[in-house]
Amino acid sequence: MTRFRVEGGACRGVETTTGPVAAARVVDAAGAWADLDPALPFPIPVEPVSGQIVELTDDGPFPTVLGSDEVYLVPRGRRILVGATVERTGFRKEVTAAGV
């Protein structure tokens, strides 16, 4: 999809690289990329947010999932997943020391 087709104040389909596609309803499910069409008459307030996790090992199984507003612990056999950060760093994919 390259842009939305807005006619008479309503979205009537999309434009693609192979041509237009008409639709009675359109759902913008592009996540962080939802604001892809700068020609829209309104902004779509989305931004990419990333998180990081660390995997630890333990001598025995971790018994339960623990969670709070700032961190979670998820058992995976003898491994424990610890997360998560919430970082507004754009579309960067690398792991950061601050995040871990």
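**Notes on an all-strand chain, starting from Asp28**

1. Let's start at Asp28, which is partly exposed because its relative accessible area is 31% (buried means under 20%, exposed over 50%, and partly exposed in between, using a 1.4 Å probe and protein chains only). Before going on: this is a predicted model, where local features need pLDDT of at least 70 and side-chain atom pairs count only at pLDDT 80 or more, while totals for chains, interfaces and linings use all residues. Residues are numbered from 1 along each chain as its sequence is written, and side-chain values use heavy atoms, with hydrogens and water left out.

2. Where does Asp28 lie? You'll find Asp28 in the loop between S3 and strand S4 (53–57); strands here are DSSP runs of E with at least two residues, numbered from the N terminus. Leaving aside residues up to four places away in sequence, Asp28 touches Phe4, Ala34 and Ile44 (contact means heavy atoms within 4.5 Å). Gly77 is another story: 49 residues along the chain from Asp28, with 38 Å between the two C-alpha atoms.

3. Those three contacts of Asp28 turn up again in the largest nonpolar core, whose 5 residues are Phe4, Val14, Ala34, Leu40 and Ile44. Such a core is a set of buried Ala, Val, Leu, Ile, Met, Phe, Trp, Tyr and Cys residues joined through side-chain atoms within 4.5 Å. Ala34, for its part, touches Phe4, Asp28, Ile44 and Val46, again not counting residues up to four places away in sequence.

4. Now the sheet. It is open, with 3 strands in the order S1-S2-S3 and antiparallel pairing (two strands pair if DSSP finds at least two bridges between them). Strand S1 (3–7) and strand S3 (19–22) are at the edges with a single partner strand each, so one side of each has no neighbour in the sheet. From one strand to the next, the twist averages 35 degrees (angles run from 0 to 180 degrees between N-to-C directions, with axes fitted to C-alpha atoms).

5. How many bridges join strand S2 to S3? There are 4, with S2 covering residues 10–16. Glu15 has Pro20 in S3 as its bridge partner.

6. Zooming out, the protein chain has 7 strands and 0 helices. Its radius of gyration is 21 Å, whereas a compact globule of 100 residues would be near 13 Å (taken over C-alpha atoms; the globule rule is 2.2 Å times the number of residues to the power 0.38). Along the principal axes, the C-alpha atoms fill a box of roughly 65 × 25 × 25 Å. Of the 100 residues, 21% count as buried.
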